[in-house]
Amino acid sequence: MESPDPVALANRWADILGASTVSTETGAQIAIEGGVIDVVHGDTEHLAAFHVAVTDPDATRARLGPDESVGGVRLVLSAD
């Protein structure tokens, strides 16, 4: 993912996913099971939706909020 503020975007996604972040030279990484999501600096954010499998969709929705989106990006949640 790219963002003008990659650390803030990574922190927001990590909060929603119940994950942690690590700062990098180019932005940040979100630590997820089986790998990481890199968030780097870019002029704009362009992302329409993620399909995310989580262990507890209801808890994730509670952290996400009523519109199930972050910065206009919709999350489609399913049980892992």
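**Helix packing and burial in a predicted 80-residue chain**

Just after helix 1, Gly18 adopts a positive phi of about 70 degrees. Helices (H or I, at least four residues) and strands (E, at least two) are taken as DSSP runs and numbered from the N terminus. The model is a predicted one, in which local features need pLDDT of at least 70 and side-chain atom pairs count only at pLDDT 80 or more, whereas totals for chains, interfaces and linings use all residues. Residues are numbered from 1 along each chain as its sequence is written, and side-chain values use heavy atoms, with hydrogens and water left out.

The protein chain contains 2 helices and 7 strands. Read from the N terminus, its elements follow the order β-α-β-β-β-β-α-β-β. Of its 80 residues, 30% count as buried; buried means under 20% relative accessible area, exposed over 50%, and partly exposed in between (1.4 Å probe, protein chains only). Among contacts in the chain with a separation of 6 or more, 55% involve residues 24 or more positions apart, a contact being defined by heavy atoms within 4.5 Å.

Helix 1 has 12 residues, which at 1.5 Å a residue should span 16 Å, and its end C-alpha atoms are 16 Å apart, in agreement with that value. The expected span is 1.5 Å times one less than the number of residues. Pro6, Leu9, Ala10, Trp13, Ala14, Ile16 and Leu17 are the buried residues of helix 1. Viewed down the helix axis, these buried residues fall within an arc of 160 degrees, so they line one face of helix 1; the arc is that of the directions from the helix axis to the C-beta atoms. Trp13, located in helix 1, counts as buried at 2% relative accessibility. Its C-alpha atom is separated by 9.0 Å from that of Leu64, although the two residues are 51 residues apart along the chain.

In helix 2, the buried residues are Pro57, Thr60 and Leu64. They cover an arc of only 60 degrees around the axis, which puts them on the same side of helix 2. The exposed residues Asp58 and Ala62 are carried on the face turned away from this buried side. Thr60, which belongs to helix 2, is buried at 2% relative accessibility. When residues up to four places away in sequence are not counted, Thr60 touches Ile16, Val54 and Leu77. Helix 2 is followed by Gly65, with a positive phi near 110 degrees.

The axes of helix 1 (residues 6-17) and helix 2 (residues 57-64) come within 7 Å and cross at roughly 140 degrees. Helix 1 is therefore oblique to helix 2. Axes are lines fitted to C-alpha atoms, for helices over the stretch in contact, with angles from 0 to 180 degrees between N-to-C directions; angles under 35 degrees count as roughly parallel, over 145 as roughly antiparallel, 65 to 115 as roughly perpendicular and the rest as oblique. Arg12, Asp15, Ile16 and Leu17 of helix 1 make the contact with Thr60, Arg63 and Leu64 of helix 2. These residues comprise 3 nonpolar, 1 polar and 3 charged, where Ala, Val, Leu, Ile, Met, Phe, Trp, Tyr, Cys and Pro count as nonpolar, Asp, Glu, Lys and Arg as charged, and the others, Gly among them, as polar.

Outside the helices, Asp43 lies in the loop between strand 4 (35-41) and strand 5 (49-54). At 72% relative accessibility, Asp43 counts as exposed. Asp43 and Pro4 are 39 residues apart in sequence, with a C-alpha to C-alpha distance of 5.3 Å.
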